[in-house]
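Q: Please take a close look at one charged pair here and at how its surroundings fit into the rest of the chain. I am new to this structure, so a plain walk through the parts would help.

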Amino acid sequence: MNTQAGDVVRLQNVSKWFGASQVLNSINLQIKSRERLVICGPSGSGKSTLVRCISGLEPYQSGSVHIQGEPVSGGHLPPAAHVGMVFQQFNLFPHLTVLENCTLAQRWVLKRGKAESKKTAMEFLARVRMDGKAASYPAQLSGGQQQRVAIARALCLRPDLMLFDEATSALDPEMVKEVLDVMIQLAEEGMTMVCVTHEMGFARQVASQVAFMDCGKLVEMHPPGTFFDNPGSERLRQFLGQVL
């Protein structure tokens, strides 16, 4: 299959099972450069699994996933794919400082030198207002600060695509805004993004498209105005009635 010009991500008829349970059911999706797709839906609808299949962290059983025209298969990203991912849990190494967390993948995956890795790390830590905590350890940071470091760590790889899987759901309410502010800034700068989130205000403000998933299916996808103000299915109307 040839990926259409401008598609950063393209999924065709992607299905996945965990044992006898089908968690993704023939998903078709295209994401172009600079688009911001927000995926929402009830728990267990397949949102996180979909993002993990795009990221190469989760293999799928049928269909195809392409990133920048190259296939994602067997749970592995193509070598040319530059993808950053931020998880619900921060996944920082507790025995490494903030700076070391941000230089590790640069040095081992991208083979950058120590000086270049540190310079890049400090650049992106400054972007998320965490450069003053470069010598701190994760346990010395709040949840919001840890998640901002996790975002900086992903940005250090200079990705063409950023994936966010419930990046704020593990945070206390007062910490959510500081992480969302960073994500909004990335969107305003033109980063191509896929975000799984329950933050509907963020979706309305940032998304170029909002997708609704239920029972492993992509039920509908629209620009925010249509999605929130004129939903096309009774199931989406029910969902929005519960979360808005």
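A: Arg-204 is partly exposed, with a relative accessibility of 41%. This is a predicted model, and Arg-204 forms a salt bridge in it with the side chain of Asp-229, at 3.7 Å from N to O. The two residues come from distant parts of the chain: Arg-204 belongs to helix H6 (residues 200-206) and Asp-229 to helix H7 (residues 224-229), 25 residues apart. Asp-229 has a relative accessible area of 57%, and is therefore exposed. Side chains of opposite charge can pair when their charged atoms come close.

Helix H6 also holds Gly-201. At 53% relative accessibility, Gly-201 is exposed. From the C-alpha atom of Gly-201 to that of Ile-151 the separation is 20 Å, with their places 50 residues apart along the chain.

The bridge between the two helices is not alone, as the count of salt bridges is twelve. One of them joins Asp-7 and Lys-32, at 2.9 Å from N to O. Asp-7 sits in strand E1 (residues 7-18) and Lys-32 in strand E2 (residues 21-32), so this bridge ties together parts that are 25 residues apart in sequence. Asp-7 is buried because its relative accessibility is 6%, while Lys-32, at 34%, is partly exposed.

Another salt bridge stays within one helix. The side chains of Arg-237 and Glu-234 meet at 3.2 Å, N to O. Arg-237 is partly exposed, with a relative accessible area of 40%, and Glu-234 is partly exposed too, at 45%. Both residues belong to helix H8 (residues 234-243), where they are three residues apart, about one turn of the helix. As for networks, Asp-7, Arg-10 and Lys-32 are joined into one by salt bridges that share partners.

Helix H8 leads on to the aromatic side chains. Two aromatic pairs are found in the whole structure. One of them, Phe-212 with Phe-239, is tilted, with 5.1 Å from centre to centre and 40° between the planes. Phe-212 is in strand E9 (residues 209-214) and Phe-239 in helix H8, so the pair ties together parts that are 27 residues apart in sequence. Phe-212 is buried at 0% relative accessibility, and Phe-239 is buried at 3%. In the other case, Phe-227 and Phe-228, the ring centres are 5.1 Å apart and the planes stand at 75°, so the pair is edge-to-face. Phe-227 is buried, with a relative accessible area of 0%, and Phe-228 is buried at 8%. By residue number, both rings fall within the range given for helix H7, residues 224-229.

Next comes the nonpolar interior. The largest nonpolar core has 50 residues, and those with the most contacts inside it are Ile-151, Phe-164, Met-183 and Met-193. Helix H5 (residues 173-188) contributes the most to this core, with nine residues. Apart from its neighbours within four places in sequence, Phe-164 is in contact with residues including Val-86, Ile-151, Met-183 and Cys-195. There is also a second, separate core of 27 residues; among them are Val-8, Val-14, Leu-50 and Val-83.

Strand E6 (residues 83-86) contains Val-83 and Val-86, and its residues point in two directions: Val-83 and Met-85 one way, Gly-84 and Val-86 the other. All four are buried. In a regular strand the side chains alternate between the two faces of the sheet. E6 pairs with strand E7 (residues 161-165) in the parallel sense, over four bridges. Within this pairing, Val-86 stands opposite Phe-164 of E7.

Last come the cysteines. The count of disulfides is zero. Cys-40 is in none, and its nearest cysteine sulfur, that of Cys-195, is 12 Å away. Cys-40 is buried, with a relative accessibility of 0%. Cys-215 is likewise in no disulfide, and the nearest cysteine sulfur, that of Cys-40, lies 14 Å away. Cys-215 is exposed, with a relative accessible area of 60%.

Notes:
Residues numbered from 1 in each chain as written. Predicted model: local features only at pLDDT ≥ 70, side-chain atom pairs only at ≥ 80, totals over all residues. Heavy atoms only, no water. Salt bridge = Lys/Arg side-chain N within 4 Å of Asp/Glu carboxyl O. Buried < 20%, exposed > 50% of the residue type's maximum accessible area, 1.4 Å probe, protein only. Core = buried A, V, L, I, M, F, W, Y, C linked by side-chain atoms within 4.5 Å. Contact = heavy atoms within 4.5 Å. Disulfide = S-S within 2.5 Å. Pairing = 2+ DSSP bridges. Phe/Tyr/Trp six-rings, centres within 6.5 Å; stacked < 30°, edge-to-face > 60°.
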